[in-house]
Amino acid sequence: MREGLGLQVFLVCLGMAVCSHASMPQNHAHQRGLSLHRHKERGKEGQVLHRSKRGWVWNQFFVIEEYTGPDPVLVGRLHSDVDTGDGNIKYILSGEGAGTIFVIDDKTGNIHATKTLDREEQAQYTLTAQAVARDTNKPLEPPSEFIVKVQDINDNPPEFLHGPYYASVPEMSNVGTSVMQVTATDADDPTYGNSARLVYSILQGQPYFSVEPQTGIIRTALPNMDREARQEYDVVIQAKDMGGHMGGLSGTTEVKITLTDVNDNPPKFPQSVYTMSVSEDKVPGEEVGRLKAKDPDLGENGLVLYRLIEGDGMNMFEISVDSETQEAVIKLKKPVDFEAKRTYTLRVEASNKFEDPRFNAWGPYKDTATVKIMVEDADEPPAFTSPNYTFEVEENAPNGTVVGRVHARDTDVANSPIRYMILSYTDVDQFFTIDSEKGIIKTTRPLDRETQSWHNISVSAAEIGGHHQDAKVRVNIKVKDLNDNAPEFAAQNDVLVCENVAPGKLIETVSAVDKDEMAHRQHFRFSIAPEAANNHNFTLKDNRDSTASIFVTRKGFSRMTQDIYFLPIEINDNGVPPMSSTNTLTIRVCSCDSRDTILSCNVEPFILPAGLSTGALIAILACIVILLAIVVLFVALRRQKKEPLIVFEEEDIRENIITYDDEGGGEEDTEAFDIATLQNPDGANGFLPRKDIKPELQYPTRPGTRPFATRILRVHLFMVNFFHLSVLVVYYSTYLNGVEFETKI
């Protein structure tokens, strides 16, 4: 590339493109960019790099937005020094909008805008131009960028983006009080001309409000605007560009301004005198009448307080406020009596709960009214001398015992007699009765405090011959406690103790309960019952705090000897009269490990030591084998002789059952057991039958046959004798091997 070659730009100023003097600084900036680029390459490579001078000379292009003419707008013309006009140079345009918005004539270098441009959509476009050989498309110049800026025109009106607006200002505000600020925006270029310079004005809402032209701040324009007269105002604000001059575009918005309430009005009674009436049969707390002071203010500014300031009825009546209606409610404080006083007068004052000191100069924020109350006569029911009664009666007192008396009187002038009765639904079981004339309450049966300690009944009193009006009163009857219940264990639980327990060990702490009331400093006393006082197993210690401790006095227990102990304990409540009872504490002996952890408290019906010797086992097996051999032998012999299986004679069969509970004695036991005695029971009694005399039979028998029952009995006798023999064999076997055999049934 040759030195001094460059691309020249011709700025066409036809009203659509604008020649700007700002192009010179941009050219300098471009040259500075080249210089910086060279310096950067020198620092990078460590040496100066020589390159051809760029032949591009650029200026900024300007295009007016919103052009609607029939022909495309000529933006500018590109020309290169190497272009001799022979058509061998082709100009190429690339970048934003190239080919769609901006097109270039590749021969002449003319750039046209084919579409209408909108600065508010895109303010500028960055494009790249390059000159290449038409036949080879080989670049003749390096590509360079240039900018096409869209010049703004006033085509956008101001807009209020957040309208309509809502604002509030206190009533009675001073002139110039700020209400709110509204702001409009203009999409036009604020840096070019006056297209985006806005001025605010008020179109609707005068003379109450005004707006600052430059800031859009809305302020009050009239003093003492009263909310009670008018609460809402509709204000229209306009924003106009071009500094508000002729030809500028404008936009409007609505502002709804509400006056908020302040306490600028005192309460006021509509009338100065009110008349009310109350019947003498009304009870305290009932409403007599209502009155209201009006206050046009809202919320807490309209809250009204009422109080009685004077009058002869201040002690008989009271006043309160209904929070929903803001009315003064006059209620009866004490019962009124027509016969005693028939009229009352009250003075009521109404005032605001919250006052605004700014308006105190306008006068007192309170008002007063007079209330006259007339008492009306009524047929009143009887009145009891007490609002309720409380009586006491002894427990187990006989029926007919006087509990107490209630009394009522007729408040009317007639002073009629009174009839009393107990309301049945309050005394369903009819424990009490009342004298209908005197009001004396009596019991109908003995009362048990432990079943029911309080009886709450209602008694009614009515005038005899009256208008069926009655009065009711609550009667509370307390049953006084009598020490008629003996104490007993608080819990019926078995006590578990280890076989190897050490003497003096605490095994249980027992406590007691009593259905009766415990007097002050009264406690239970414990002792072992007299019948067990001399036992050597356990002892008891009274802790003097209504508990007792049980200790072991012996060394160890044996479950085989005795697994359950019953310890009778006597408990005395030390009351008046004193009551006592004997309760049995069950103590079980259990098997424990070395750490006194209970393993089992169950008792086995038979306990056989696990260490039987080999000789004992052999003896048991030998007995079983002998038994089987004898049975087989007898069966074989009887089949050959065809005789019954049992070889005993027809003598009477008896059993000698020998019971013993001593240890083996060797040969003495074998001599004491005579098998012959079992086989011949008659011989044991000293009677030996004669064999030389044939007995006479009273009844003929069939030869060769015996009664079936006799055979069964002989077999049974044989089995019993064999069992005894087996037991003796096992007994001696275990005895000789040093093994203890214990039996517990």
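pLDDT is the predictor's confidence in each residue, from 0 to 100. Keep that in mind, as this is a predicted model.

**Stop 1: the weak spots**

Select residues 667–673. Here pLDDT stays under 50. The model has seven contacts for this stretch beyond four places in sequence. Contact means heavy atoms within 4.5 Å.

Now select residues 605–611. Again, pLDDT stays under 50, and the model has 11 contacts beyond four places in sequence. How should such places be read? Where pLDDT is low, the predicted coordinates should not be read in detail.

Zoom out for the average. The protein comes to a pLDDT of 78, and 75% of the residues score at least 70.

**Stop 2: the whole protein**

Show everything as a cartoon. You should find six helices and 40 strands. The protein has 745 residues, and 35% of them are buried. Switch to a surface view. About 44,800 Å² is exposed, and carbon and sulfur atoms supply 52% of that.

How far along the chain do contacts reach? Take the contacts between residues at least 6 apart in sequence: 69% of them join residues at least 24 apart.

**Stop 3: Thr-220**

Select Thr-220, in strand 13 (residues 217–220). Is Thr-220 buried or exposed? Its relative accessible area is 2%, so Thr-220 is buried.

Show what surrounds it. Beyond four places in sequence, the contacts of Thr-220 include Val-169, Val-175, Tyr-208, Phe-209 and Met-225. Asn-174 is another contact on that list. Zoom in on the Asn-174 backbone oxygen: a polar atom of the Thr-220 side chain lies 2.8 Å from it.

**Stop 4: Asn-263**

Move on to Asn-263. You will find it in the loop between strand 15 (250–260) and strand 16 (273–279). Asn-263 counts as buried because its relative accessibility is 1%.

Which residues touch Asn-263, leaving aside its neighbours within four places in sequence? Among them are Asp-295, Asp-297, Asn-301, Asn-352 and Tyr-365. Phe-354, Glu-355, Asp-356 and Phe-359 are in contact with Asn-263 too.

Look at Phe-354 in detail. Its backbone oxygen lies 2.3 Å from a polar atom of the Asn-263 side chain. Then add Pro-357. It is 94 residues from Asn-263 in sequence, yet the two C-alpha atoms are 9.3 Å apart in space.

**Stop 5: the salt bridges**

How many salt bridges does the structure hold? There are 18. Visit three of them.

Begin with Glu-349 and Arg-307. Their side chains meet in a salt bridge, at 2.8 Å from N to O. This pair links distant parts of the chain: Glu-349 sits in strand 21 (residues 343–352), Arg-307 in strand 18 (residues 304–310), and 42 residues separate them. Glu-349 has a relative accessible area of 9%, so it is buried. Arg-307 has 45%, so it is partly exposed.

Next, select Glu-499 and Arg-559. In this salt bridge, the closest N and O atoms are 3.9 Å apart. Glu-499 is in the loop between strand 33 (495–498) and strand 34 (506–513), and Arg-559 is in the loop between strand 37 (547–552) and strand 38 (564–572), so the pair ties together parts 60 residues apart in sequence. Glu-499 counts as partly exposed, at 26% relative accessibility. Arg-559 is buried, with a relative accessible area of 9%. Before leaving, add Glu-287, Arg-290, Asp-322 and Glu-327: salt bridges that share partners join these four into one network.

Stay with that network and pick out Arg-290 and Glu-287. Their closest N and O atoms are 3.1 Å apart, in a salt bridge. Arg-290 is partly exposed, at 34% relative accessibility. Glu-287 is partly exposed as well, with a relative accessible area of 41%.

**Stop 6: a nonpolar patch**

Finish on the surface. Select Leu-617, Ile-620, Leu-621, Ile-624 and Leu-628. Together they form a nonpolar patch, with about 460 Å² of accessible area.

Color Ile-624 on its own. Where is it? Ile-624 is in helix 2 (residues 614–641). Why does Ile-624 count as partly exposed? Its relative accessibility is 45%, and partly exposed covers the range between buried, under 20%, and exposed, over 50%.

Definitions and conventions:
Residues are numbered from 1 along each chain as its sequence is written. This is a predicted model: local features need pLDDT of at least 70, side-chain atom pairs count only at pLDDT 80 or more; totals for chains, interfaces and linings use all residues. Side-chain values use heavy atoms; hydrogens and water are left out. Patches are made of residues with over 30% relative accessible area and no salt bridge: like charges are joined within 9 Å, nonpolar side chains (Val, Leu, Ile, Met, Phe, Trp, Tyr) within 5 Å. Accessible areas come from the Shrake-Rupley method with a 1.4 Å probe; for residues, only the protein chains shown count as cover. Helices (H or I, at least four residues) and strands (E, at least two) are DSSP runs, numbered from the N terminus. Buried means under 20% relative accessible area, exposed over 50%, partly exposed in between (1.4 Å probe, protein chains only). A polar contact is a pair of N or O atoms within 3.5 Å; within protein, one must be able to donate a hydrogen and the other to accept it, and residues adjacent in sequence count only if both atoms are side-chain atoms.
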